[in-house]
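Let's take a walk through this protein together, from its overall layout down to a few individual residues. Keep the view open and turn it as you read.

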Amino acid sequence: MVDNGLVQPLFEGSVDVIGDIHGEIDALRALLRHLGYDNDGVHPEGRRLIFLGDLTDRGPNSPAVVRLIGRLLDDGLAQGVMGNHDLNLLLGEKKHGNAWFFGRREALDASGRLVPQALADDETRTLTLRLFRRLPLVLERDDLRIVHACWHGPSIEAVRQGPEENAVELFRRHQTRINDELERLSRGEVGVEEFLVSVGMSSDEAAALFVCRGTDAGAGVLRDAMLDKVGRGLVHQNANPVKRLLSGPERRVAVPFWSAGKHRHEERVPWWDRYGDKAWSVFGHYSRVDLPGEEERPFDQARPYAGLGNGRALCIDYSVTRRWQERFAGGPYRTALAALRWPERWLYFDSGRPVPLPGERGV
Ligand SMILES: [Mn+2]
C-alpha cells in the first residue's frame with residue numbers, strides 16, 4: 001500500500017488536544033498559557049499539542065493563528081488534522097466566514113455589521129495553504145484517535161487506500177465517482193442495490209439517512225430519495241470519505257429548519273451514539289454550547305463535559321466559533337476554547353478553569 005500521509009501516527013507520550021480555533025488568537029494564547037506552554041510552545045514536561053482542525057474563519061485574527069501553528073508544526077511541537085473549513089480553503093471555495101482569506105470584510109449575520117478581522121495578503125494566503133496541505137485527515141495511536149468531526153472506520157480505510165497524495169485530489173476523485181454513479185442510477189443503468197454497493201453503503205443505512213423517518217423505504221422510494229437535490233447532496237455528504245470524516249454523517253429531515261442563513265433539509269447524525277470502540281475518539285466540529293435563541297444541539301446540556309455515546313467519543317468544541325457574536329453583544333463569553341489533557345483526562349479552558357472528565361480518573 002502507498003503511504004499517502006493522510007492517516008498518520010499520533011505522537012506518543014502526554015499531549016494536549018485543542019479544539020476548533022476559528023481565528024480566536026487571544027483564546028489560543030490564553031489556553032496555551034494555562035496549559036503551561038511558553039511563548040515558543042515549549043512545555044517544561046515535554047508535553048506536545050494536537051490541533052483538531054478548523055483553525056481559521058469567523059474570528060478576529062486567522063493569519064496570526066496560521067503563523068503560530070505553522071511554527072509549532074515546524075518545530076515538532078504540534079500535530080493537527082484538517083477540518084472542513086481548512087478543506088474549503090484548499091478547494092478555493094468561498095463560504096460563510098472565510099472572506100478574510102480572499103481579502104474582504106464580511107457580515108456574518110443579518111445585521112449587516114462587518115466583523116472586525118485581520119485580512120489575508122498574498123503572503124498569508126501562501127502560508128495558510130501551505131499549512132493546510134500538511135495536515136492529515138486522521139491521527140491515531142492505540143489509546144487515542146483524532147479526527148475533525150467523525151470517526152468512521154470504512155471512510156478511514158478508503159482514505160488509507162487512496163493513491164492520492166493529498167486530501168483535495170482524494171476528495172475530488174470521490175466527488176466525480178459519486179456523480180457518475182448517481183447519473184447511472186438516474187438513467188436506470190444500475191439498480192438501487194448495485195448503486196449502494198458502489199458507494200459502500202448498506203440499504204438499512206441508506207434508508208436511515210436518505211428517507212424521512214416514518215416513511216416506508218421501499219426500493220422505489222429510496223431511489224427517488226437519492227436523486228432529488230437534497231438526496232444527491234446527502235449521498236455526497238455520507239459516501240465521500242473526506243466529507244464524512246471532516247463534517248460527519250447527515251440525514252434528511254421531514255420539516256426543513258432555518259440555520260446559519262438558509263433553510264436546511266438535512267441534519268447532523270449523532271454518530272457517537274453507535275460508537276462502541278475501546279480507544280477514545282476525540283473530535284471538534286459540533287458546537288457544544290448553545291447561545292440564547294439558537295436551535296437545540298444534540299447534546300445533553302446537563303452534562304456539558306461528559307464523553308458521548310459509550311463515554312469514549314469526546315467532542316471538545318465549546319463553540320468559540322460563535323465568539324464573534326458574543327463580542328458584538330459585549331460579553332461575557334459563554335463559549336470557550338478547550339483542551340483535553342491526555343492521559344490525565346482533564347479539560348482546560350481559555351478562561352483558565354480545569355474540569356476533570358466526569359466518571360473518569362480524578363473525580
Ligand atoms: Mn468543522
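The domain bounds used here come from an automatic or database domain assignment. Please keep in mind throughout that this is a predicted model. The assignment divides the chain into domain 1 (7–151 + 277–356) and domain 2 (168–266). Taken over C-alpha atoms, the centres of domain 1 and domain 2 are separated by 29 Å. Where the two meet, domain 1 supplies 15 residues to the contact and domain 2 supplies 12 residues.

A good place to begin is the metal. Which residues hold the manganese ion? Its protein donors are Asp54 through OD, Asn84 through OD1, His148 through NE2 and His285 through ND1, lying 2.2 Å from the ion. Along the sequence, these donor residues follow the spacing D-x29-N-x63-H-x136-H. Asp54 and His285 link distant parts of the chain, being 231 residues apart. Asp54 sits in the loop between strand S3 (48–51) and helix H2 (62–74), while His285 sits in the loop between strand S9 (280–283) and strand S10 (313–315). Both Asp54 and His285 are buried.

Stay for a moment in the loop between S3 and H2, where you will also find Asp57. Asp57 is not a glycine, yet its phi is positive, near 85 degrees. Is Asp57 buried or exposed? With 1% relative accessibility, Asp57 counts as buried, because the limit for that label is under 20%. A second residue of this kind is Ser319, whose phi is positive at about 70 degrees although Ser319 is not a glycine. Ser319 belongs to the loop between strand S11 (317–318) and H12, and at 0% relative accessibility Ser319 is buried as well.

Next, the nonpolar interior. In soluble globular proteins, nonpolar side chains tend to be buried together. Here the largest nonpolar core has 63 residues, and those with the most contacts inside it are Ile18, Leu28, Phe51 and Leu137. H2 gives this core its largest share, 7 residues. Domain 1 and domain 2 each contribute at least three residues to this core. To see one of its well-connected members, look at Leu28: setting aside residues up to four places away in sequence, Leu28 touches Ile18, Ile21, Phe51, Val65, Leu68, Ile69 and Leu337. There is also a second, separate core of 24 residues, and Val17, Val282, Trp342 and Val355 are among them.

Trp342 has another feature to show: the peptide bond from Trp342 to Pro343 is cis, with omega near 15 degrees. Pro343 lies in the loop between S12 and strand S13 (346–349).

The aromatic rings make a nice next stop, since a search of the whole structure finds 13 aromatic pairs. In one of these, Trp100 and Phe101 meet edge-to-face, 5.7 Å centre to centre and with 80 degrees between the planes. Trp100 is buried, with a relative accessible area of 0%, and Phe101 is buried too, with 5%. Trp271 and Tyr275 also form an edge-to-face pair, at 6.1 Å centre to centre and 85 degrees between the planes. Both Trp271 and Tyr275 are buried. These two rings belong to a cluster in which ring pairs link Trp271, Trp272, Tyr275, Phe283 and Tyr286.

Finally, consider two arginines. Arg323 is placed in helix H12 (residues 323–329), and at 4% relative accessibility Arg323 counts as buried. A polar atom of the Arg323 side chain lies 2.7 Å from the backbone oxygen of Thr335. Beyond its neighbours within four places in sequence, Arg323 has contacts that include Glu24, Tyr333, Leu337 and Asp350.

Arg341 is placed in strand S12 (residues 336–342). Is Arg341 buried or exposed? Arg341 has 10% relative accessibility and is therefore counted as buried. Its side chain reaches the backbone oxygen of Leu35 at 2.8 Å. Again leaving aside neighbours within four places in sequence, Arg341 is in contact with Val15, Asp16, Leu35, Tyr37, His43, Arg47, Trp346 and Tyr348.

Key
Residues are numbered from 1 along each chain as its sequence is written. Side-chain values use heavy atoms; hydrogens and water are left out. Donors are N, O and S atoms within 2.8 Å of the metal (3.2 Å for Na, K and Ca); water is not among the atoms, so sites may look incomplete. Helices (H or I, at least four residues) and strands (E, at least two) are DSSP runs, numbered from the N terminus. Buried means under 20% relative accessible area, exposed over 50%, partly exposed in between (1.4 Å probe, protein chains only). A polar contact is a pair of N or O atoms within 3.5 Å; within protein, one must be able to donate a hydrogen and the other to accept it, and residues adjacent in sequence count only if both atoms are side-chain atoms. Contact means heavy atoms within 4.5 Å. A nonpolar core is a set of buried Ala, Val, Leu, Ile, Met, Phe, Trp, Tyr and Cys residues joined through side-chain atoms within 4.5 Å. Rings of Phe, Tyr and Trp (its six-membered ring) pair if their centres lie within 6.5 Å; planes under 30 degrees apart count as stacked, over 60 as edge-to-face and the rest as tilted.
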